[in-house]
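Please find below some remarks on this chain, set out as numbered points for a colleague who will want to check each one against the coordinates.

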Amino acid sequence: MSTRSCVARRTADNGWEGRYVHFDGYPEARVPVLLDLIYRKGVDRVRNVVIDWNTKGWSCLTGEHETLREHQHAGRFGVVSDYGIACREGTELTISSNDIPDCFIEYVYILDDESMTVLEYKDGQHVFHSQISYPQVLTAV
């Protein structure tokens, strides 16, 4: 069974919009992957790849290269190194706080500049679940 989620950014009206991710959207799985990507690549790059570059959504986000290779199916999905499995077929799928499709999004991960806000679907709406600060890169002086 999949836990559907959305990786998003804030919009000008203080809402959010982002891309659909089909598998492993519960916080115990999604947060460590996003934090690792942000630590290694920076939040701007992660937003660019996950939200802007692949407009058709994701099957999963994971950095496990061996697992990713097994899921590449005749052009339907494509492995994106270090990120996961991108959907290649279908139409653009933007999910926003103003327009949530019928695919039932259980969690939303909003990637702000300094922290990630996690929303959870409860009682017909997405409500605050948690806020996680990004790991800081330590540099020698």
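**Notes on the fold, its cores and selected residues**

1. Beginning at Ser5, and leaving aside neighbours within four places in sequence, this residue is in contact with Arg19, Tyr20, Val21, Gly25, Arg30, Ile105, Tyr107 and Tyr109. Ser5 belongs to strand E1, which covers residues 5-10, and with a relative accessible area of 0% Ser5 is buried. The C-alpha atoms of Ser5 and Tyr26 are 7.7 Å apart in space, although the two residues are 21 apart in sequence. These values, like those that follow, come from a predicted model.

2. As to the overall architecture, the chain contains three helices and nine strands, and along the sequence these follow the pattern β-β-α-α-β-α-β-β-β-β-β-β. The chain has 141 residues, of which buried residues make up 46%. If one considers the contacts between residues at least 6 apart in sequence, 54% of them join residues at least 24 apart.

3. The packing of the helices H1 and H2 deserves a separate remark. Two packed helices are described by the angle between their axes together with the distance between those axes. Here H1, residues 27-41, packs with H2 at an angle of about 120°, and the axes are 7 Å apart. Angles of 65 to 115 degrees count as roughly perpendicular and those over 145 as roughly antiparallel, so H1 is oblique to H2. On the H1 side the contact involves Leu37, Ile38 and Lys41, which meet Val43, Arg45 and Val46 in H2; by residue class, this contact divides into four nonpolar, no polar and two charged.

4. Within H2 itself, the buried residues are Val43, Val46, Arg47, Val49, Val50 and Ile51. Which elements cover these buried residues of H2? The cover includes E1, strand E2 (16-21), H1, E3 and E7.

5. Arg47 merits a closer look, as a charged residue located in helix H2, which spans residues 43-53. Is Arg47 buried or exposed? Its relative accessible area is 9%, and because buried means under 20%, Arg47 counts as buried. The side chain of Arg47 makes a polar contact of 2.5 Å with the side chain of Asp44. Not counting residues up to four places away in sequence, Arg47 also touches Arg9, Asp52, Leu111, Asp112 and Asp113.

6. Turning to the nonpolar interior, nonpolar side chains in soluble globular proteins tend to be buried together. In this model the largest nonpolar core has 23 residues, and those with the most contacts inside it are Trp58, Tyr83, Leu111 and Met116. Two or more residues of this core are given by each of H1, H2, strand E3 (58-61), strand E7 (107-111) and strand E8 (115-122), and H1 gives the most, with five residues. Apart from this core lies another, of nine residues, among them Cys6, Ala8, Tyr20 and Leu119.

7. Met116, one of the residues with the most contacts inside the largest core, can be described through its partners in the chain. When neighbours within four places in sequence are set aside, Met116 is in contact with Val31, Leu34, Leu35, Tyr109, Ile110, Leu111, Ser130, Gln131, Ile132 and Tyr134.

8. Gln131, which appears among those partners of Met116, is placed in strand E9, residues 125-133. At 48% relative accessibility Gln131 counts as partly exposed. With neighbours within four places in sequence left aside, its contacts are with Ser115, Met116 and Thr117. Of these, Ser115 takes part in a polar contact between side chains, at 2.7 Å from Gln131, while the C-alpha atoms of Gln131 and Thr117 are 4.5 Å apart in space for a separation of 14 residues in sequence.

9. Finally, two backbone angles should be inspected by anyone who intends to use the coordinates. Asn14, in the loop between E1 and E2, has a phi near 65°, a positive value in a residue other than glycine; with a relative accessible area of 59%, Asn14 is exposed. Asp82 lies in the loop between strand E4 (77-80) and strand E5 (84-87), and its phi is near 75°, again a positive value in a residue other than glycine.

Conventions:
Residues are numbered from 1 along each chain as its sequence is written. This is a predicted model: local features need pLDDT of at least 70, side-chain atom pairs count only at pLDDT 80 or more; totals for chains, interfaces and linings use all residues. Side-chain values use heavy atoms; hydrogens and water are left out. Helices (H or I, at least four residues) and strands (E, at least two) are DSSP runs, numbered from the N terminus. Buried means under 20% relative accessible area, exposed over 50%, partly exposed in between (1.4 Å probe, protein chains only). A polar contact is a pair of N or O atoms within 3.5 Å; within protein, one must be able to donate a hydrogen and the other to accept it, and residues adjacent in sequence count only if both atoms are side-chain atoms. Contact means heavy atoms within 4.5 Å. Axes are lines fitted to C-alpha atoms, for helices over the stretch in contact, and angles run from 0 to 180 degrees between N-to-C directions. Angles under 35 degrees count as roughly parallel, over 145 as roughly antiparallel, 65 to 115 as roughly perpendicular and the rest as oblique. A nonpolar core is a set of buried Ala, Val, Leu, Ile, Met, Phe, Trp, Tyr and Cys residues joined through side-chain atoms within 4.5 Å.
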